[in-house]
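The exercises below concern a single chain and are meant to be worked with the model open. Try each task before reading its solution.

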Amino acid sequence: MLKKLLENSFVKVVSYNGFIVFGKVIASFIVSKVSAIYLGPSGYAVIGNLRNLLQGILGITATGFSSGIVKYVAENKADNKQFRLVVSSAITLSLCFSIILGTLLFIFSNFLGEKVLLGVEWSYIIKSFAFLLPIASLSFLVVYIVNGLQNFKLYTALVTIANALNALVTFILIYFFNLKGALLATFIVPTLSFFSSLVFSDVRNFLSSVFDYTKNISIHFIKSIGTYVAMATYSAILISISYLLIRNKIISYLDITTAGLWEAMNKISSFYMMFFSSLFTLYLLPKLVENQTNSGYYSIMRSYFKYLIPLTIVMFLILFFLKEVIIKLFLTQEFVSIEQFFHLQLIGDFLKIIAFSLAYQFHAKKMVKFYLISDTILYVTFYVLSLYLINIYTVHGVFYAYVLSIFLYLVVVILSVYFNNSKYLKANV
């Protein structure tokens, strides 16, 4: 039985994923601890604003390509010519977006410095990010391509190196430059990660094809991946704007320290959610992409949830009972008051894991309309409820809004998948 369990594809991916996430948690622990010691809650709030800006921009130039690249690389990895066309087309499109957005960031750096970083004197941070945007974007694309190839050993190596760089570089920059260093680290780390990926011959090989195939990039692929980019870009912008506006609402209605406490809770959430987000892309998405039948879909999801739900429940119970230890370990005594938000965050995250697992069918089968509708409901509801509930429950209102918006999102996703799967999948065979 043990041998059968070890040979199970879900367990294999979880093993790789567990190693990757362990590295990410260690790196995030170092970054979080150093940030908490040197920057405090107010510094967390400013960094959170910059991360939201980066999230929106990189959603267009890089992270929005994730599902599309994984899908088309997985489908064409056996055909060397088509694979190279896919890689060349994706990188060319990303670089074009990066140059355009980088130029706009540079032009509006003063405005963004004031609105996002709460001071025009920080505009040079925006300009620096604009300059490094193309390389930072490439670092993400390299990881997505390797993911699509399902080369888990190389994927693990790339992510592990990126984690090590994140811990080391962020520590050095924060230690010597405090908040300035923390802000610079957010985009210097992915830039260095790209250059480190060139150590591997497999990466150099598929990157070298970009120049050979630039004149013959696939317009068909660009149109196809454009759907994924549009979907992810829409989400990235919604997430960035909603979180930025909510954080600024907390700052204006309460104070910047409280906003930093909310950001710290989000940071702790991101530690364990790394595991699940990686699991979505490493295990679930490739299987949903390959599947073509209704029966196949329900078989995949039954097997997936059979392992996922017990694993999540056990993990979240451990997190809840160790919350005091976790806060003191990853942060400092200044952040201990976020203990009161832990149960609400865990409830919301549990619902999010279930909902996002189901919503990956939207990515796999390009169910664009349902993806856009459900994401709009999620983030607009979160923003509107937060504004309303903050006035009644102060910062607790944001967490109530989070749980309610995620629950509504889950209901919408379940109904969308249940009633529309048959339009995108073949009848049971």
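**Exercise 1. The salt bridge**

Task: Find the partner of Glu 263 in a salt bridge and say how far apart the closest N and O atoms are.

Solution. The model is a predicted one.
Step 1. Glu 263 pairs with Arg 247, and the closest N and O atoms are 2.5 Å apart.
Step 2. This pair joins distant parts of the chain, with Glu 263 in helix H11 and Arg 247 in helix H10, 16 residues apart.
Step 3. A salt bridge is counted within 4 Å, and the structure holds 1 salt bridge.
Step 4. Both Glu 263 and Arg 247 are buried.

**Exercise 2. The largest pocket**

Task: State the volume of the largest pocket, and determine which helix gives the most to its lining.

Solution.
Step 1. The largest pocket holds about 400 Å³ of space. Its lining has 15 residues, and those closest to the centre are Val 25, Phe 271, Tyr 272, Leu 319 and Phe 330.
Step 2. Four helices each supply at least two residues of this lining: H2 (9-38), H11 (256-290), H12 (294-321) and H13 (323-330).
Step 3. H2 gives the most, with 5 residues.
Step 4. By class, the lining residues of the largest pocket are 15 nonpolar, no polar and no charged.

**Exercise 3. The second largest pocket**

Task: Work out how the lining residues of the second largest pocket divide into nonpolar, polar and charged, and which elements supply them.

Solution.
Step 1. The volume of the second largest pocket is about 270 Å³.
Step 2. Its lining consists of 14 residues; Asn 52, Leu 53, Gly 56, Ser 240 and Ile 241 lie nearest the centre.
Step 3. At least two lining residues come from each of helix H3 (40-61), helix H6 (109-116) and helix H10 (219-253). H10 gives the most, 6 residues.
Step 4. The division is 10 nonpolar, 4 polar and no charged.

**Exercise 4. A cavity with a charged residue in its lining**

Task: For the second largest cavity, give the volume and list the residues that line the cavity.

Solution.
Step 1. The count is 2 cavities of 30 Å³ or more. The second largest cavity has a volume of about 40 Å³.
Step 2. The lining is made of Tyr 243, Lys 352, Leu 378, Tyr 379, Phe 382, Tyr 402 and Ile 406. H15 and H16 are the elements that give two or more residues to this lining.
Step 3. H15 has the largest share, 3 residues.
Step 4. The lining divides into 6 nonpolar, no polar and 1 charged. Lys counts as charged, so the charged residue in this list is Lys 352.

**Exercise 5. The nonpolar surface patch**

Task: Identify the element with the largest share of the nonpolar patch, then decide whether Tyr 38 and Ile 174 are buried, exposed or partly exposed.

Solution.
Step 1. The patch is formed by Phe 22, Ile 26, Ile 30, Ile 37, Tyr 38, Leu 168, Phe 171, Ile 172, Tyr 175, Phe 176 and Phe 177, with about 1100 Å² of accessible area together.
Step 2. H2 and helix H8 (152-197) are the elements that give two or more residues to the patch. H8 has the largest share, 6 residues.
Step 3. Tyr 38 lies in helix H2. Its relative accessible area is 36%, so Tyr 38 is partly exposed. Patch residues need over 30% relative accessible area.
Step 4. Ile 174 is in helix H8. Its relative accessible area is 0%, so Ile 174 is buried.
Step 5. Between Ile 174 and Ser 357 the C-alpha to C-alpha distance is 36 Å, with their positions 183 residues apart in sequence.

**Exercise 6. Positive phi outside glycine**

Task: Locate Asn 178 and Thr 394, and compare their backbone phi and exposure.

Solution.
Step 1. Asn 178 is not a glycine, but has a positive phi of about 55 degrees. The residue is found in helix H8.
Step 2. Asn 178 has a relative accessible area of 37% and is therefore partly exposed.
Step 3. Thr 394, also a residue other than glycine, has a positive phi near 55 degrees. Thr 394 is in the loop between helix H15 (368-393) and helix H16 (396-424).
Step 4. With a relative accessible area of 36%, Thr 394 is partly exposed.

Definitions and conventions: Residues numbered from 1 in each chain as written. Predicted model: local features only at pLDDT ≥ 70, side-chain atom pairs only at ≥ 80, totals over all residues. Heavy atoms only, no water. 1 Å grid on protein atoms, 1.4 Å probe; cavity = no way out; pocket = protein on both sides within 12 Å on 5 of 7 lines; lining within 4 Å. Points joined across faces, edges and corners; volume = space filled by probe spheres on them. Patch = residues over 30% accessible without salt bridge, like charges linked within 9 Å, V, L, I, M, F, W, Y side chains within 5 Å. Areas by Shrake-Rupley, 256 points an atom, 1.4 Å probe, with all protein chains shown as cover. Salt bridge = Lys/Arg side-chain N within 4 Å of Asp/Glu carboxyl O. Buried < 20%, exposed > 50% of the residue type's maximum accessible area, 1.4 Å probe, protein only.
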